[in-house]
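Subject: Structure for your files

Hello,

Here is the structure I said I would pass on. My notes on it follow below the model.

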Number of protein chains: 4
Amino acid sequence: MIHSPESSHPLQRREREREQRRADILAAAESVFAAHDFHEASIESIADAAGFAAGTIYLYFEDKDALYVAVLVEKITRMLGFVEGRVRHAKEPLAALREAVAAQFEFHDQHRAFFEILSRQRPGMSNGKGREWKRIRSCYERHTELLCSLIEAAQQRRSLRKMDSRHLAFGLLGMILQLTREALRQHAEEPLANQTEFVMDLFLHGAGHERRAA
Amino acid sequence: MIHSPESSHPLQRREREREQRRADILAAAESVFAAHDFHEASIESIADAAGFAAGTIYLYFEDKDALYVAVLVEKITRMLGFVEGRVRHAKEPLAALREAVAAQFEFHDQHRAFFEILSRQRPGMSNGKGREWKRIRSCYERHTELLCSLIEAAQQRRSLRKMDSRHLAFGLLGMILQLTREALRQHAEEPLANQTEFVMDLFLHGAGHERRAA
Amino acid sequence: MIHSPESSHPLQRREREREQRRADILAAAESVFAAHDFHEASIESIADAAGFAAGTIYLYFEDKDALYVAVLVEKITRMLGFVEGRVRHAKEPLAALREAVAAQFEFHDQHRAFFEILSRQRPGMSNGKGREWKRIRSCYERHTELLCSLIEAAQQRRSLRKMDSRHLAFGLLGMILQLTREALRQHAEEPLANQTEFVMDLFLHGAGHERRAA
Amino acid sequence: MIHSPESSHPLQRREREREQRRADILAAAESVFAAHDFHEASIESIADAAGFAAGTIYLYFEDKDALYVAVLVEKITRMLGFVEGRVRHAKEPLAALREAVAAQFEFHDQHRAFFEILSRQRPGMSNGKGREWKRIRSCYERHTELLCSLIEAAQQRRSLRKMDSRHLAFGLLGMILQLTREALRQHAEEPLANQTEFVMDLFLHGAGHERRAA
DNA sequence: TATGAATGAGAGTTCATTCAT
DNA sequence: CATGAATGAACTCTCATTCAT
């Protein structure tokens, strides 16, 4: 076998190329699944979008379900990493929370297709694909727990009131998701991240006019 | 011929029975669509659930799309009516808002299957079913506007701060939806309505500990 | 049982009424089959056209095939009777042939729907409906033989040349059918019977210009 | 890699093979449609006859209607070409007419299945398949006009009498079709072309015995 | 007798998946 | 490795037919 210069580690190159093609397919699948819902998105249309023939998809993914799950896993993992990364640099719980909100808005903005898919979750895989499915659930859970831990840290510092932290997390998340949903629905041009302050203001101080406490 | 009391108006009875069967089918469709997403729910499984043969469904609904839309239209209309009805009795905007939140939680609680369907919206009907589809969108819109108008009324009374009312509405709605989602995910037994106070508290006063303003 | 005056023979009246309804259904079926081909014509549309409910058809006809065959049998028998009746009054073979042609054109004209059905014959009943089907074939045959016998009679009188009589019969029939087909295709208003002279002229003398024989 | 001679242009070969399979399906469809009328001929039976699975048909034809129309278009075009080709070599209008008759008989003889389909025309495509349908009608029309123009040319040379040329064309065509129909009905072994002289004789000189004119 | 709601077999059609090339 | 033709299971939908009323 002849080695061209850049293939000094041919097996690694093979591996790298394979990963690249896999990523291409994932990207194609993401945009197609975003536009058409699982059953309306055909393997062929995904293959087309990726520049492959239909059969080729099966060299990279077990079946359509696996491809779908892989899209979710890949993206949701990345999202979690992105949010966690941003949170890490904050000095203080409330600032971290603000970072988490901002990061999530930004991610939604940069991955609108993914958000579309995410908000149209299917009830559950009937088959034995449960394995991967659990991985997705655990990502969700980690996300929730990240918010919870930030909230609890803030509560310890008395930056936040002693309300049920999980409920607070869901409330906060709900606001973010609904505002995102609405913005995408209207194909809004304005970056979602601009809503960070609104959300933090509402979350921290509420919409009530009168002064609280006394 | 002897008329039993209830058959005094046979045509009305026919009509009534037909409506009853149509309702049975709608109910069956609701539960099947809730469990299986549009394309995974077969007409046959719906028919089975309703106690009919597959062909019978088509005596009551044009096609599968029409049945799906009918489920949504029927329920979403009812939900809107329910919320509006509850709001109407409130004397004052903030109380009305609380009623709206409580009503929505209650509705979700009593129609969990419907909520599952609702939160898994399909991108859009390809065909000419647009007519009914618009009706659904307009119900959504009316719901949003109901919340907006209550919020604005409260703002006029200075019960709420002057923040963007649509954003506030979406924020409030987002909290409700996310908390509902989570409760259903865990098959929680506790009535959702118990979360009304939590939501109103968070929405009105925020989670922040420190006194606002001064 | 109480006899009203006109029901002095109630069983006969019953019978008569039944026949009337049967005839109504046949007439409705004829027009529907003319417009829509066997499989596109639904029992329900025929029943509607006859002013009955779908199920009622089955009180008068075994099944859809039987109804279809009955339409053909009834009409084709009537057509044959009509042509035979007209032929009978002719004094002389050639005149009889002219009457046969005229009669057929007239019948086509008055029963256009029937002609449409006839010219769209189905290959053959797969099932055991062969019985009735043979009756139809035998009507055809009788028609052909009528023409043949007239032709042969004319040949004996030396009014016609000694050509194969069956072939002559088919040739003559072919002209009639094709001209009818074309007239109906164009929804021509002019009575088909006007073409009798043209057909007889062509059949007897041919289209050739030069004098034959010598 | 070794190229066998016939694979020197692999794309062309692909194309050629595809055309071959398409032709196989058309042939299978022709024989099935000939035996069973459009609605009684199932896609599966056609696929079986072609040696394919049902789904495969759809890789070559849009739907069943398209397949049906394709059979007609392909054959009717070929028939017209065949007749026109034969006519072209005739030196003189009457000879050309004789060629047209002979050619048509021959074509019917070699494509009996097609003739069966043709003589059982459906009223008309309901859908938007009108495009191809018109193409068929225009082939018919061209055929009629071919006969008309030959007849008119003969009339100008005084080889034929001045009778309505369209009517003459339909009369001639009617004879041909009816004789064909009858021969196929009896599964006659004798070539139809043998009837050419009979038809031309009848058409030119008529069946009348007496001398015409004087 | 007439009805028409219900049936269910059967059709056309799609598309994930396989496999010879 | 990639291909894409072929498959065939599964689905939606139609409609002749039955039968309780």
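Apart from its neighbours within four places in sequence, Ile176(A) is in contact with Val101(A), Gln104(A), Phe105(A) and Val199(A). Ile176(A) and Ile176(B) have the most contacts inside the largest nonpolar core, which has 104 residues. A second core, separate from that one, has 102 residues, and among them are Val83(C), Ala96(C), Leu97(C) and Leu72(D). As a general point, nonpolar side chains in soluble globular proteins tend to be buried together. Please keep in mind throughout that this is a predicted model.

Chain A

Chain A has 9 helices and 0 strands, so to speak of its order of elements is to write α-α-α-α-α-α-α-α-α from the N terminus on. Of the 214 residues in chain A, 32% are buried. Among the contacts in chain A with a separation of 6 or more, 64% are between residues 24 or more positions apart. 

Chains A and B

Chain B superposes on chain A with an RMSD of 0.3 Å after a rotation of 178° and a shift of 0.0 Å along the axis. This is the relation of a two-fold axis. The two copies use the same surface, as 100% of the contact residues of chain B recur in chain A.

In that pair, 36 residues of chain B are in contact with 36 residues of chain A. On the side of chain B that touches chain A, the elements that give two or more residues are α1 (10–40), α8 (165–185) and α9 (196–205) of chain B. The largest share there, 11 residues, comes from α8(B). By class, this side of chain B has 16 nonpolar, 12 polar and 8 charged residues.

Chains C and D

Between chains C and D, 36 residues of chain C are in contact with 36 residues of chain D. The side of chain C that touches chain D takes two or more residues from each of α1 (10–40), α8 (165–185) and α9 (196–205) of chain C. Here α8(C) gives the largest share, 11 residues. The residues on this side of chain C divide into 16 nonpolar, 12 polar and 8 charged.

The DNA strands

Around DNA strand E there are 30 residues, of which Asp63(A), Gly55(B), Gly55(C), Gly55(D) and Asp63(D) come nearest. The elements that give two or more residues to the surface near DNA strand E are α2 (43–50) and α3 of chain A, α3 of chain B, α3 of chain C, and α2 (43–50) and α3 of chain D. That surface divides into 14 nonpolar, 8 polar and 8 charged residues.

DNA strand F has 32 residues around it, and those that come nearest are Gly55(A), Gly55(B), Asp63(B), Asp63(C) and Gly55(D). Two or more residues of the surface near DNA strand F come from each of these elements: α1 and α3 (54–60) of chain A, α2 (43–50) and α3 (54–57) of chain B, α2 (43–50) and α3 (54–57) of chain C, and α3 (54–57) of chain D. The largest share of this surface, 4 residues, comes from α3(A). By class, the surface near DNA strand F has 14 nonpolar, 8 polar and 10 charged residues.

Helix α4 of chain C

Helix α4 of chain C covers residues 64–88, which is 25 residues. At 1.5 Å a residue the helix should span 36 Å, and its end C-alpha atoms are 36 Å apart, so the two values agree. The buried residues of α4(C) are Leu67(C), Tyr68(C), Val71(C), Leu72(C), Lys75(C), Ile76(C), Met79(C), Val83(C) and Val87(C). For reading that list, recall that an α-helix has 3.6 residues a turn, so residues three or four places apart point the same way. Val83(C), one of the buried residues of α4(C), is also in the core of 102 residues.

Asp37 in chains A and D

Most residues other than glycine have a negative phi. Asp37(A) has a positive phi, near 65°, and is found in helix α1 (residues 10–40) of chain A. Asp37(A) counts as buried because 21 other C-beta atoms lie within 10 Å, and the cut-off for buried is 20 or more.

Asp37(D) also has a positive phi, about 65°, without being a glycine. Asp37(D) lies in helix α1 (residues 10–40) of chain D. With 21 C-beta neighbours inside 10 Å, Asp37(D) is buried.

Regards

Methods
Residues are numbered from 1 along each chain as its sequence is written. Chains are lettered from A and ligands numbered from 1 in the order in which they are written. This is a predicted model: local features need pLDDT of at least 70, side-chain atom pairs count only at pLDDT 80 or more; totals for chains, interfaces and linings use all residues. A residue is buried if 20 or more other C-beta atoms lie within 10 Å of its own, exposed if 12 or fewer, and partly exposed in between; C-beta atoms are placed from the backbone. Two residues are in contact if their C-beta atoms, placed from the backbone, lie within 7 Å. Ala, Val, Leu, Ile, Met, Phe, Trp, Tyr, Cys and Pro count as nonpolar, Asp, Glu, Lys and Arg as charged, and the others, Gly among them, as polar. Copies are superposed by least squares on the C-alpha atoms of residues with pLDDT of at least 70 in both. A residue is near a molecule or strand if its C-beta atom, placed from the backbone, lies within 6 Å of it. The expected span of a helix is 1.5 Å times one less than its number of residues. A nonpolar core is a set of buried Ala, Val, Leu, Ile, Met, Phe, Trp, Tyr and Cys residues joined through C-beta atoms within 7 Å.
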